[in-house]
Amino acid sequence: MRVTKDTVVTLNYRVFDTDGNVIDDGKEPLVYLHGGYDGIFPRLEELIHDKAVGEKFTVKLQPEEAFGDYDENLVLVEDASLFPEHIEVGMAFERVSEAGEEDVIYRITDIAEGKVVIDGNHPLAGQALIFEIEIAAVRPATQEERAHGHPHEG
């Protein structure tokens, strides 16, 4: 069976940065519903389309094809009094926008002198990524999976 719209695809994969450092070792296969359901990056879905089980490929995605370009406007310095007492660098939270825009997940990147630096960029924003992919399994999606827009396990 080939990968087509409304198939559930299982991928074995690994992700590297451009220096060859492992970003994701792919210990768990990625399972997604193929055909524009936003389960994976559109460029990867395009390359996977019409492939069969056992096929392998390597592709480099530019930042705009993966987690986007780094946006300096998403880095904010806030007064520490706006945060709970026991915050730490690395903590993440969702910030509800006042302008009705899409909510953004912010990570605390620094705490110093009564200020907290928060970053709404994805940790991999601005980076090109190299994907090694193998099509491990393909099956038709159920009617329920198509209706829900994602695969159901088991």
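Biologist: Which residues of strand E4 make up its covered face, and which its uncovered one?
Modeller: Phe57, Val59 and Leu61 are covered. Lys56, Thr58 and Lys60 are not. E4 spans residues 56-61, and a strand is a DSSP run of at least two residues (a helix, H or I, needs at least four), numbered from the N terminus.

Biologist: What should I know about the model?
Modeller: This is a predicted model: local features need pLDDT of at least 70, side-chain atom pairs count only at pLDDT 80 or more, and totals for chains, interfaces and linings use all residues. Residues are numbered from 1 along each chain as its sequence is written, and side-chain values use heavy atoms, without hydrogens or water.

Biologist: What is the mean pLDDT of the chain?
Modeller: The mean is 93, and pLDDT is the predictor's confidence in each residue, from 0 to 100. In the chain, 95% of residues reach 70 or more. Among the elements, E6 (residues 92-95) has the lowest mean, 85, and E9 (residues 129-140) the highest, 98.

Biologist: What makes E4 and E9 a pair?
Modeller: Pairing takes at least two DSSP bridges between two strands. E4 and E9 have 6 bridges, in the antiparallel sense, so they count as paired. Threonine 58, for instance, has glutamate 132 in E9 as its bridge partner.

Biologist: Which residues have the most contacts inside the largest nonpolar core?
Modeller: They are Leu44, Ile48, Phe131, Ile133 and Ile135, in a core of 20 residues. Such a core joins buried Ala, Val, Leu, Ile, Met, Phe, Trp, Tyr and Cys residues through side-chain atoms within 4.5 Å. E1 (7-16), H1 (42-48), E4 and E9 each supply at least two of its residues. E9 gives the largest share, 5 residues. A second, separate core has 6 residues, including Phe83, Ile87, Ile108 and Val116.

Biologist: Why is aspartate 38 called exposed?
Modeller: Exposed means over 50% relative accessible area, buried under 20%, and partly exposed in between (1.4 Å probe, protein chains only). Aspartate 38 has 70%, so it is exposed. This residue lies in the loop between E3 (30-33) and H1. Its phi is near 65°, a positive value in a residue other than glycine.

Biologist: How do you know that glutamate 113 is exposed?
Modeller: Its relative accessibility is 81%, so glutamate 113 counts as exposed. Glutamate 113 sits in the loop between E7 (104-112) and E8 (115-119). Its phi is positive, about 50°. Most residues other than glycine have a negative phi.
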